Amino acid sequence: MGLLGGKSTAWADSAAERLASIKEQPLQLRQFLQQMPKGGDLHNHLSGAVYAESYLRWAAEDGKCIDPSGVISLPPCEPGGEVQAVREIFAGMTPNGGIESLVDALSVRNYSRREVSGHDQFFATFERFTAATFGRRGDMVAEVSSRAASQNILYLELMQSLGMFEVAAFAQTNGDLEAKYGQRIDHAAVDAIVADVILEMDRIDARRRAIQGCDSIAAEQGDGCQVTVRYLSQVIRTLSPIQVYAQTLLAFKLVAADDRVVGLNFVAPEDHAVALRDYKQHMDFIAEISSQFPAQRSGVTLHAGELTLGLVPPEHLGWHIDAAIQVAGAKRIGHGIDIAYALDMDALLRNMATQQILVEINLTSNDVILEVTDEDHPLPVYLKYGVPVALSTDDEGVSRIDLTHEYQRAVTTYDLDYEVLRGMSRNALQYSFLPGKGLFQDTLSGQVVDACSAATLGAEAVSGGCAEFLVDNPKGSLQWQLEARLAEFESGF
Ligand SMILES: [Zn+2]
């Protein structure tokens, strides 16, 4: 390691000392973690990432309506009736009354004072704000990417459902699960939906760029422009089998058709009766369809094991993670909470470490939805076995958090040191579905690929084999940027 490399190691030690000295001081810790470069957020549902206040403001501007339970709907509203125009509510706001109860209805704010469980409140919010998302997806991406920029996050893999309801509706009347592959659903019809989704993504990008000023001269650009955004297609696992099948096909076709879509995930409550009933079949769907998409099959991440004893009967516990990896070929697992119920947890963990299956860790979400916290959470076990992990938000708007909050929660709950945190930050790019080769052989120690072992990590001038490694390598290049930001951050202590 050259002189600069030696210096950057010393800088990292200073950052580590700083973190160790402020772990018990929440305000200083927040500042440290807010400024610390965080590679990305790999488990972030776009509609759940937006704060309720934004949905209400947009609904007011768009002439949408809302009922007293917080369900937003398209106009016409009922003047004088139950379904009021959101605009009227804003117009009538007084110092003593406004949108407070609606914000609670559209999030888990104050949920502990409600009569419903965190689980039910959490999932109920989505159908309440769905209508507010219509026509506002560009605004949503702008909000979430600007928030990421303000926390020094470089990359977002946002889950969204573009085209999914259209293909599900088509499949319900035109699909046949008993037919052979290629004949279960009209592929030309699915391709037409792919084309529509690509146009919609163009519109979303244009709106985001306009809001953030990304096409103006550099000095006027919003910081959010610098955040790289990619999408994961969401398959809704509570729909009928033919609909889930069609959505899975659409997801793979989207990954193949457009660079902005880098993978897919199965979403909606894993403990839902239909999701439980069809889990095995869903894994088979992914295995079958992905075999037709060999270049896209590495983009599979699945919510698996977001379950606890009591929430579901024992027979549903302990095997979803393994099936997601072994049958569906998932490269990442969302949540992975029920691992202790595996027939052989030790073997499963070793296998995940060997195969480098990353677990997307969502601490606040697991607390609210599953009531799994502290030593009941598997994060320390994953770390102990060397299973790669990255912290993510799941639904930062619904949960009223941000990624920095999750880093802080991890540090405070599990007494993590700087090296581990930095490893998680790096993992969020190393295990992203961006195309290209990963920079690291080991994100924890910082050991890089041979081609770059002589280079100073993050340096502006790169030559030789490392330059060759980074060229036409979106993943490696973004990782290089993260290293530059880490060096800058660490040099400040
Ligand atoms: Zn999720």
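This is a tutorial dialogue on reading the features of one predicted model.

Student: What should I know about the numbering and the model before I start?

Tutor: Residues are numbered from 1 along each chain as its sequence is written. The model is predicted: local features need pLDDT of at least 70, side-chain atom pairs count only at pLDDT 80 or more, and totals for chains, interfaces and linings use all residues.

Student: How many helices and strands does the chain have?

Tutor: Helices (H or I, at least four residues) and strands (E, at least two) are DSSP runs, numbered from the N terminus. By that rule the chain has 21 helices and 13 strands. Its radius of gyration is 23 Å, close to the 23 Å that the globule rule gives for 493 residues, so the chain is as compact as a globular protein of that length. The radius is taken over C-alpha atoms, and the globule rule is 2.2 Å times the number of residues to the power 0.38. Along the principal axes, the C-alpha trace spans about 70 × 60 × 50 Å.

Student: How many of the residues are buried?

Tutor: A residue is buried if 20 or more other C-beta atoms lie within 10 Å of its own, exposed if 12 or fewer, and partly exposed in between, with C-beta atoms placed from the backbone. Buried residues make up 48% of the 493 residues in this chain. For an intermediate case, take Gln28, which lies in helix α2 (residues 26–35). Gln28 has 14 C-beta neighbours inside 10 Å, so it counts as partly exposed. Its C-alpha atom is separated by 9.9 Å from that of Arg18, 10 residues apart along the chain.

Student: What share of the contacts joins residues 24 or more positions apart?

Tutor: Two residues are in contact if their C-beta atoms, placed from the backbone, lie within 7 Å. Among contacts with a separation of 6 or more, 75% are between residues 24 or more positions apart.

Student: Which residues of helix α15 are buried?

Tutor: They are Leu363, Ser365, Asn366, Val368, Ile369 and Leu370. That is six of the eight residues of α15 (residues 363–370), so the helix is largely enclosed by the rest of the structure. The buried residues pack against α7 (118–133), β9 (332–335), β10 (358–361), α17 (396–399) and α18 (403–414). After α15 comes Glu371, whose phi is positive, near 60°.

Student: How many residues does helix α8 have, and what does it span?

Tutor: The expected span of a helix is 1.5 Å times one less than its number of residues. Helix α8 (residues 137–150) has 14 residues and reaches 20 Å from its first C-alpha to its last, close to the 20 Å expected. In α8, 11 of the 14 residues are buried, so this helix is also largely enclosed by the rest of the structure. The buried set includes charged residues, among them Arg137, Asp139, Glu143 and Arg147. Just after α8, Asn152 takes a positive phi of about 60°.

Student: What is the order of the strands in the sheet that holds β10?

Tutor: Strands of a sheet pair through backbone hydrogen bonds, either parallel or antiparallel. Two strands are paired here if DSSP finds at least two bridges between them. The order is β8-β9-β10-β11, an open sheet of four strands with parallel pairing. Its edge strands are β8 (301–304) and β11, each of which pairs on one side only.

Student: Where do the bridges of β10 lie?

Tutor: Three bridges join β9 to β10, and three join β10 to β11 (residues 389–391). On the β9 side, Arg332 stands opposite Leu358, and Gly334 has Glu360 as its bridge partner. On the β11 side, Ile361 is partnered by Leu391. Both faces of β10 are covered: Leu358 and Glu360 on one side and Val359 and Ile361 on the other are all buried. The chain crosses from β9 through helix α14 (residues 345–355) to β10 in a right-handed β-α-β crossover. Right-handed means that, with the strands pointing away from the viewer, the path from the first strand over the helix to the second runs clockwise.

Student: Which elements make another such β-α-β unit?

Tutor: β6, helix α11 (residues 241–257) and β7 make a right-handed one. Strands β6 and β7 (residues 261–267) pair in the parallel sense over six bridges, with Val261 the partner of Tyr231. Six bridges also join β5 (residues 153–160) to β6 (residues 228–236), again parallel.

Student: Which strands pair in the antiparallel sense?

Tutor: One case is the open sheet of three strands in the order β3-β2-β4. Two bridges join β2 (residues 65–66) to β4, and Cys65 stands opposite Ala85.
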